[in-house]
Amino acid sequence: MRCMTTPNAALRAVRAGMRMSQDDFARALQAAGHRAGEPNDANKRLVQRWESGAIAAPRPVYARALEVVTGLPISLLGFAEVPNGQAAEDQRGGHDLTSPMSDLATPTSARRSAAAHGSYEGVWLSRYQYHSSGREESFAGQHYVVVMQHGDRLSVRSLPGSAASSLSLDLTVDGSVVTGTWVEQTDPGGYYRGARYHGAIQLLAEPTGRRMAGKWVGFGKDMDVNTGPWELVFQDASTSKATLDRYNVPIV
């Protein structure tokens, strides 16, 4: 009797949100693997099999590339969790027994050693302040975000249940200086009616590695340059599905 498969709606939604076709997504995975020195054979057919549920969990070499391309931990991409000691399926239905990334689901100290004082990976609370010229009042924006680290690069993505708007940051770490860009898609039903804002950000990481604070800069609706404070405060080192579910709630 043939088993029913469950489509991976989460991965499909993430890919669609990135405005990538299955071909585009596969090419991005190949490029990510090449840059990391871990070539992969991602193709449209493999992406289709993931999204259809025919492959419930990717091989570690693909899982790594998926995290790099999406900026999200594998636990948020709709795949089944693979118990420790077991290997995931590859696109031919076999297993990866020798990949140096077989420990991807649970990052090790070797993978976390890029930052001088340890990894920034985990769940953080993002808080920034901005002035609304239309309302002549200052406001604070808050999100729980998940931070993924690959070398000196940090990918920061908001957990969708923590706020009505969505937030992403792409950062580079140089010692205690963290520099990059941010994008926010505002609440479609809010004051800004789903407007998309973006800009630059620079933060200083405290020696503990548990707080980053600095300033953002960006353009307002009248094309004036705005700025304000921004901080990230560490919450939890885990990126497991259970942990992310716990923080994927509105911030009170």
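**Close-up views of a predicted model**

Buried residues make up 42% of the 252 residues in the chain, and the model shown here is a predicted one.

**View 1. The whole chain has 5 helices and 8 strands.** Reading along the sequence, you will meet the elements in the order α-α-α-α-β-β-β-β-β-β-β-β-α. Take the contacts between residues at least 6 apart in sequence: 49% of them join residues at least 24 apart. The accessible surface of the chain is about 13,500 Å², and carbon and sulfur atoms account for 52% of that area.

**View 2. Helix α1, residues 9-17, has Leu11, Val14 and Arg15 buried.** Seen down the helix axis, these buried residues fall within an arc of 95°, so they line one face of α1. A reminder that may help here: an α-helix has 3.6 residues a turn, so residues three or four places apart point the same way. Ala9 and Gly17, on the other side of α1, are exposed. What covers the buried residues of α1? The cover includes α2 (22-35), α3 (44-52) and α4 (60-70).

**View 3. At the ends of α1, look for Asn8 and Arg19.** Asn8 caps the N-terminal end of the helix, with a side-chain oxygen 3.3 Å from the backbone nitrogen of Ala10. Following α1 comes Arg19, and its phi is positive, near 60°.

**View 4. Helices α2 and α3 cross at roughly 105°.** Their axes come within 8 Å. An angle from 65 to 115 degrees counts as roughly perpendicular, and α2 and α3 are therefore roughly perpendicular to each other. Which residues meet where these helices come together? From α2 come Gln22, Asp23, Phe25, Ala26 and Leu29, and from α3 come Lys44, Val47, Gln48, Trp50 and Glu51.

**View 5. Thr239 sits in the loop between β8 (225-236) and α5 (241-247).** Is Thr239 buried or exposed? Buried means under 20% relative accessible area, so Thr239, at 12% relative accessibility, counts as buried. Once neighbours within four places in sequence are left aside, Thr239 is in contact with Pro73, Ser75, Gly122, Val146, Met148 and Leu244. One of these partners, Leu244, has a number that falls within the range of α5, 241-247.

Terms used:
Residues are numbered from 1 along each chain as its sequence is written. This is a predicted model: local features need pLDDT of at least 70, side-chain atom pairs count only at pLDDT 80 or more; totals for chains, interfaces and linings use all residues. Side-chain values use heavy atoms; hydrogens and water are left out. Helices (H or I, at least four residues) and strands (E, at least two) are DSSP runs, numbered from the N terminus. Buried means under 20% relative accessible area, exposed over 50%, partly exposed in between (1.4 Å probe, protein chains only). Contact means heavy atoms within 4.5 Å. Accessible areas come from the Shrake-Rupley method with a 1.4 Å probe; for residues, only the protein chains shown count as cover. The arc is that of the directions from the helix axis to the C-beta atoms. A polar contact is a pair of N or O atoms within 3.5 Å; within protein, one must be able to donate a hydrogen and the other to accept it, and residues adjacent in sequence count only if both atoms are side-chain atoms. Axes are lines fitted to C-alpha atoms, for helices over the stretch in contact, and angles run from 0 to 180 degrees between N-to-C directions. Angles under 35 degrees count as roughly parallel, over 145 as roughly antiparallel, 65 to 115 as roughly perpendicular and the rest as oblique.
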